[in-house]
Amino acid sequence: MPIYGSVYPYRSVICKNMNMKVILLKEVPKLGKTGDVKSVSDGYGRNFLLPQGLAELATDSKLASLDRRMAERVNHDERERKQYETLAAKLGEIVLSFTVKVGEKGQAFGSVTREDIIGALKTRGIAIERGWIELEHGIKAVGEQTLTVAFPHNVIGHVKIAIAAAKGRESRK
């Protein structure tokens, strides 16, 4: 005998406000981030989260698997953090030297950009990503400057940049 008002035979008409537990596979605004276990209404879970691939049902085996994955992630993040701290310490010992053409009035014709800094670091065996260097515009000032490098996991490093004026040709008179 079918139960009217319910798609699933194991649900009764009386229990309309049941909740289901889900594990979020992706970050969902106003709900949680990846790996969170949340209790959501049946309709929200069944009609939106599960079909969109944003969540999966939280069964005992999946919760145990999630615990293992989270422990592995914590270990991985800790190893990665130590690598970035070592890299930040290496950067603190380095001074990168660049030359820029300068006009008669002391105006720089070129600038030192992120790409120049990344290239100079690569020649020294250090690979960093472009977005980690906190530099709004190219550096045109002659002299020494310290740039901040923001690594993942809130690790901050500093690299010294020395910019010298290139000797240009004599001005024509």
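Let me begin with a sheet: three strands form an open sheet in the order S2-S1-S3, and their pairing is antiparallel. S2 and S3 are its edge strands, each pairing on one side only. Ignoring direction, neighbouring strands in this sheet are turned against each other by 45° on average. I should say at once that the model on the screen is a predicted one.

Within this sheet, S1 and S2 are joined by five bridges in the antiparallel sense. One residue pair to look for is Ile23 and its bridge partner in S2, Val37. Helix H1, residues 42–49, lies across S1, S2 and S3, and runs at about 105° to S2.

Allow me to stay with S3 for a moment. This strand covers residues 55–57 and contains Glu56. Is Glu56 buried or exposed? Its relative accessibility is 19%, and therefore Glu56 counts as buried, since the cut-off for burial is under 20%. Leaving aside neighbours within four places in sequence, the contacts of Glu56 are Lys21, Val22, Ile23, Leu25, Leu50, Lys62 and Arg69. Ile23, the bridge partner of Val37, is thus also in contact with Glu56.

I turn now to the second sheet. It is likewise an open sheet of three strands, here in the order S4-S6-S5 and with mixed pairing. The edge strands are S4 and S5, each of which pairs on one side only. From one strand to the next, the twist averages 30°. S4 and S6 pair in the parallel sense over seven bridges, and Val95 stands opposite Lys160 in S6. H2 packs on this sheet, where it touches S4, S5 and S6, and its direction makes about 25° with that of S6. H3 also lies across S4, S5 and S6, running at about 135° to S4.

H2 deserves a closer look. What span should its 34 residues have? At 1.5 Å a residue the expected value is 50 Å, and the end C-alpha atoms are 50 Å apart, so the two agree. The buried residues in H2 are Leu66, Tyr84, Leu87, Ala88 and Leu91. Their cover includes strand S1 (19–24), strand S2 (37–41), H3, S5 and S6. Elements of both sheets thus appear in that cover, including S1 and S2 from the S2-S1-S3 sheet and S5 and S6 from the S4-S6-S5 sheet.

Next, the interior. The largest nonpolar core has 27 residues, and Leu96, Ile117, Ile128 and Phe151 have the most contacts inside it. At least two residues of this core come from each of helix H2 (60–93), strand S4 (95–101), helix H3 (114–123), strand S5 (143–151) and strand S6 (155–166). Ile117 illustrates the packing: not counting residues up to four places away in sequence, Ile117 touches Leu96, Phe98, Val112, Ile133, Leu135, Leu147 and Ile161. Apart from the largest core lies another, of nine residues, among them Leu24, Val28, Leu31 and Leu49.

Finally, the protein as a whole. It has three helices and six strands, which follow the pattern β-β-α-β-α-β-α-β-β along the sequence. Of its 173 residues, 27% count as buried. Among contacts with a separation of 6 or more, 44% are between residues 24 or more positions apart. The exposed area of the protein is about 12,500 Å², with carbon and sulfur atoms supplying 51% of it.

Key
Residues are numbered from 1 along each chain as its sequence is written. This is a predicted model: local features need pLDDT of at least 70, side-chain atom pairs count only at pLDDT 80 or more; totals for chains, interfaces and linings use all residues. Side-chain values use heavy atoms; hydrogens and water are left out. Helices (H or I, at least four residues) and strands (E, at least two) are DSSP runs, numbered from the N terminus. Buried means under 20% relative accessible area, exposed over 50%, partly exposed in between (1.4 Å probe, protein chains only). Contact means heavy atoms within 4.5 Å. A nonpolar core is a set of buried Ala, Val, Leu, Ile, Met, Phe, Trp, Tyr and Cys residues joined through side-chain atoms within 4.5 Å. The expected span of a helix is 1.5 Å times one less than its number of residues. Two strands pair if DSSP finds at least two bridges between them. Axes are lines fitted to C-alpha atoms, for helices over the stretch in contact, and angles run from 0 to 180 degrees between N-to-C directions. Accessible areas come from the Shrake-Rupley method with a 1.4 Å probe; for residues, only the protein chains shown count as cover.
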